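Thanks for asking me to look this one over. Here are my notes, in numbered points, to read alongside the model.

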Amino acid sequence: MSSQSVHVTEPTPIPRADEILTPEALAFVAELNRRFNPVRGQLLTERGAKRERVAATGKLDFLPETASVREGDWKVAPAPAALQDRRVEMTGPASPAKMAINALNSGAKVWLADLEDASTPLWKNVVDAVLNLKDAAEGTLSYTSPEGKEYRLRTDAPLAVVVARPRGWHLNESHILVDGEQTSGALVDFGLLFFHTAKTLIAKGQGPYYYLPKMESHLEARLWNDVFVFAQDYLGVPQGTIRATVLIETIPAAFEMDEILYELRDHASGLNAGRWDYLFSIIKYFRDAGAAFTLPDRAQVAMTAPFMRAYTELLVKTCHDRGAFAMGGMAAVIPNRREPEVTAAAFEKVRNDKTREANDGFDGSWVAHPDLVPVCREVFDAVLGDRPNQLDKLRPEVHVTADQLLDVSSAAGEATEAGLRLNLYVAVAYTAVWISGNGAVAIHNLMEDAATAEISRSQVWQQIRNKTVLADTGNTVTRELVTGILAEETEKLRGEVGEETFQKYYKDASALIGDICLSEDYTDFLTIPAYELVG
């Protein structure tokens with residue numbers, strides 16, 4: 001399909017694709033890309049330049065040129081009624097339809113409909129996710145399994161409010177070409193969703209709400225704001241109808257929370273504290289800054305570590321000072337009915353984590369499985385009572401410095417060979433399933449997404465670089481050690497998944513993980529070379 005220099009390489013990846021890839025919707029996506037893709041390219045180039053400047057000094061700091069924003073007396077626009085109460089948010093992909101229905105029916109206040117880390121950008125997934133969200137907005141989403149089991153939207157209780165997460169600025173979309181060039185995955189996701197659902201959502205008392213991932217600066221937030229302003233004018237939607245929550249999941253963004261909210265102040269509704277992506281970003285930014293920035297095994301890095309406490313405390317304070325919601329991190333546990341004691345212990349850990357967030361002032365938090373919705377809701381109910389949120393809980397006692405945000409060495413724990421093995425196992429296992437078209441993967445009773453694989457492979461690269469000595473074996477992490485362990489963990493996976501599946505997905509995944517872990521040069525995003533394997 002092509003029209004006026006807009007070309008879709010595969011116009012019918014799923015049935016009913018023509019309802020999404022309409023000439024009008026594609027014209028809108030094309031206009032978004034023509035106007036904003038060049039700026040996106042410039043900002044991505046600046047990311048690399050800034051990283052090089054930071055690498056030379058080993059330091060990040062709050063921006064002197066935006067001190068007036070941090071010191072100013074301003075607030076974001078008040079949240080619409082549909083987003084006033086966000087005490088528990090379900091996360092998960094919007095494709096397939098069964099998962100979308102389960103999320104909407106979960107009893108959560110909000111569903112983060114994920115087109116990003118929990119979704120492989122397989123073309124059929126991209127189109128199917130938009131179609132499912134269009135059907136959900138119209139109240140017609142349904143699914144019948146091959147066994148005849150029917151899934152329908154519940155009518156006995158409210159559905160979760162949809163907040164969709166498009167891809168980050170760094171990812172391209174290869175299946176829509178505008179003027180011969182690949183498009184921005186973020187602009188494709190946002191453009192198709194906004195075009196097909198905005199007016200329907202507004203008519204039912206909700207609206208076009210989004211989570212914005214992976215940003216590294218307020219200038220990237222400014223670009224999103226420019227996109228929103230243009231999009232609302234294009235569709236004749238009142239300015240300020242869009243609401244966006246920004247994931248603070250990169251270390252440079254942690255130094256620009258005020259500025260990011262300020263740029264989006266007419267459209268902002270909050271910030272979210274991501275965990276694995278934040279740690280991944282710290283490794284990425286300070287990968288060559290020496291042992292002081294080398295983390296222990298990732299499973300040992302708790303949110304109570306001083307540098308993580310500094311990050312979350314600053315986030316709550318910043319949000320509430322500006323009238324924005326502070327959203328907590330992910331509880332990724334998957335209940336295992338065959339291991340009730342393990343599940344009970346995991347649930348108690350989740351309860352403790354959510355209790356810390358609620359007491360710190362967070363307005364809500366994330367869970368990855370419907371069975372965790374009651375756990376999270378109970379914790380926040382106990383703190384909130386009849387209030388929809390705790391925007392009134394200001395944190396004037398919180399004063400966070402740059403040194404506190406960067407005090408990575410304050411994390412308790414050790415790097416071990418067991419942790420190295422787990423990192424390589426998880427990186428290969430996740431990447432293989434991602435290549436197969438599924439971005440939300442159950443591994444060891446946890447629902448994992450791309451962030452898990454990113455920090456896993458990044459830790460391995462960094463440990464090689466720093467010649468980390470492993471506490472449990474005394475071995476030094478070298479390319480040779482990693483090569484041997486990767487081969488062993490790959491063989492373990494071969495035995496678990498069978499030869500046919502191994503040859504189809506796991507062999508290429510292992511080769512890719514080996515390449516990026518052993519390379520002299522660091523790969524900024526695993527998903528960029530992995531996208532080449534998806535096609």
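How many cavities of 30 Å³ or more does the structure hold? The structure has 4 of them. Please keep in mind that this is a predicted model.

1. **The largest cavity.** About 100 Å³ of space lies in the largest cavity. Its lining is made up of 14 residues, and E116, D117, L171, A450 and T527 lie nearest the centre. By class, the lining splits into 6 nonpolar, 3 polar and 5 charged residues.

2. **Helix 18.** T527 also belongs to helix 18, which spans residues 527–534 and in which T527, A530, Y531 and V534 are buried. These four residues lie on the same side of helix 18, because they cover an arc of only 110° around the axis. What do the buried residues of helix 18 pack against? Their partners are strand 8 (172–178), helix 14 (417–436), helix 15 (450–466) and helix 17 (499–518).

3. **The second largest cavity.** Here the space comes to about 70 Å³. The lining consists of K214, E216, E249, T250, D277, F280, S281, K284, Y285 and F525. Sorted by class, that gives 3 nonpolar, 2 polar and 5 charged residues.

4. **K214.** One residue of that lining, K214, deserves a second look for its backbone. Phi of K214 is near 65°, which is a positive value in a residue other than glycine. K214 sits in the loop between strand 10 (209–212) and helix 6. Is K214 buried or exposed? K214 counts as buried, because its relative accessibility is 5%, below the 20% cut-off.

5. **D179, another positive phi.** D179 has phi near 55°, again a positive value in a residue other than glycine. Its place is the loop between strand 8 and strand 9 (181–184). With a relative accessible area of 42%, D179 is partly exposed, whereas K214 is buried.

6. **A cis peptide bond.** You may want to look at the bond from S95 to P96, which is cis, with omega near 10°. P96 lies in the loop between strand 3 (88–93) and helix 3 (97–104).

7. **I176 in strand 8.** Strand 8, one of the elements that the buried residues of helix 18 pack against, contains I176. I176 counts as buried because its relative accessibility is 0%. Which residues does I176 touch, not counting those up to four places away in sequence? The list is V6, H7, V8, L26, W123, E181, Q182, T183 and V188. The C-alpha atom of I176 is also separated by 10.0 Å from that of L21, although the two residues are 155 residues apart along the chain.

8. **N37 in helix 1.** Helix 1 covers residues 23–57 and includes N37. N37 is counted as buried because its relative accessibility is 17%, and the limit for that class is 20%. Leaving aside neighbours within four places in sequence, N37 is in contact with L32, Q182, T183, S184 and L187. Q182 and T183 are also among the residues that I176 touches.

9. **Aromatic pairs.** How many aromatic pairs does a search of the whole structure find? The search gives 21. One of them joins F36 and F230 edge-to-face, at 5.9 Å centre to centre and 65° between the planes. This pair links distant parts of the chain, since F36 is in helix 1 and F230 in helix 6 (residues 218–235), 194 residues apart. Both rings belong to buried residues, F36 and F230. Ring pairs also link F28, F36, W169, F190, F194, F195, Y210, W224, F228, F230 and Y234 into a cluster.

10. **R309 in helix 10.** My last point concerns R309, which lies in helix 10 (residues 306–321). R309 is partly exposed, with a relative accessible area of 22%; the cut-off for buried is under 20%. Not counting residues up to four places away in sequence, R309 touches M303, T304, R356 and D360. The C-alpha atoms of R309 and Q404 are separated by 9.0 Å, and the two residues are 95 residues apart along the chain.

Methods:
Residues are numbered from 1 along each chain as its sequence is written. This is a predicted model: local features need pLDDT of at least 70, side-chain atom pairs count only at pLDDT 80 or more; totals for chains, interfaces and linings use all residues. Side-chain values use heavy atoms; hydrogens and water are left out. Buried means under 20% relative accessible area, exposed over 50%, partly exposed in between (1.4 Å probe, protein chains only). Helices (H or I, at least four residues) and strands (E, at least two) are DSSP runs, numbered from the N terminus. The arc is that of the directions from the helix axis to the C-beta atoms. Contact means heavy atoms within 4.5 Å. On a 1 Å grid over the protein atoms alone, a cavity is a set of points where a 1.4 Å probe fits but cannot get out, and a pocket is an open set with protein on both sides within 12 Å along at least five of seven lines; lining residues have an atom within 4 Å of a point. Grid points are joined across faces, edges and corners, and a volume is the space filled by probe spheres set on the points. Ala, Val, Leu, Ile, Met, Phe, Trp, Tyr, Cys and Pro count as nonpolar, Asp, Glu, Lys and Arg as charged, and the others, Gly among them, as polar. Rings of Phe, Tyr and Trp (its six-membered ring) pair if their centres lie within 6.5 Å; planes under 30 degrees apart count as stacked, over 60 as edge-to-face and the rest as tilted.
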